[in-house]
Amino acid sequence: MTGARTARPLSLNTLVRLQRGPRTPAAPLLRLPVPEGMTAPMGCDAVAVPARFGPLVMPRLPRVGCVYADEAHWWWLVPSDSDYALEWPAPARYDTGAVVPDAPDLPGLIHRPDGTLPYTPPIPLYLAVCRLTDTTPSWSRPVTA
């Protein structure tokens, strides 16, 4: 048989990235920067919450990474793909690539951790946001057929 091709299985990472699809922005994207002297070996995404929740989230976290804020939102830098298998509860928003959509200007850095990693651990952040929004974490919800 000539011309027969075998299909290569796609990895889970590839499927997640395909689901997100290509982005062709009309305007330049604002991306939260990793502060000078810090490294982001796992890439960066961001979790945004309305500004009123920001001061309530901070004390609930065992470690706080880089946090940016403006009048409307606070953003926490998390490792890339921290949304895998998590449904971030509204009004939180997960921003792939630490891109800040709909922000007129780049938010200011309001917290910088000691050390060289800019990340807030995503699971404690997720649990803090779930608690504040009175949302059951996705892994604790009943499974339905």
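In this predicted model, D81 sits in the loop that links β3 (73-79) to β4 (93-95). D81 is partly exposed, at a relative accessible area of 22%, so it falls just outside the buried class, which ends at 20%. Along the chain, D81 and Y94 are 13 residues apart, and their C-alpha atoms lie 9.8 Å from each other.

Y94 leads on to the pairing of β4. Strand β4 pairs with β1 in the antiparallel sense, with 3 bridges between them, and here Y94 stands opposite V47. Strand β1 also runs antiparallel to β3, this time joined by 7 bridges; in that pairing A46 of β1 faces L77.

As for β1 itself (residues 44-50), 7 of its 7 residues are buried, so the strand is largely enclosed by the rest of the structure. Side chains in a regular strand alternate between the two faces of the sheet. In β1, C44, A46, A48 and P50 point one way, while D45, V47 and V49 point the other way, and all of them are buried. V47, the partner of Y94, is thus one of the buried residues of β1, and so is A46.

Back at β4 (93-95), there is a salt bridge to report: R93 and D95 form one, with their closest N and O atoms 2.9 Å apart. The structure holds 1 salt bridge in total. Its two ends differ in setting, because D95 counts as buried at 5% relative accessibility, whereas R93 counts as partly exposed at 26%.

Conventions
Residues numbered from 1 in each chain as written. Predicted model: local features only at pLDDT ≥ 70, side-chain atom pairs only at ≥ 80, totals over all residues. Heavy atoms only, no water. Helix = DSSP H or I, 4+ residues; strand = E, 2+ residues; numbered from the N terminus. Buried < 20%, exposed > 50% of the residue type's maximum accessible area, 1.4 Å probe, protein only. Salt bridge = Lys/Arg side-chain N within 4 Å of Asp/Glu carboxyl O. Pairing = 2+ DSSP bridges.
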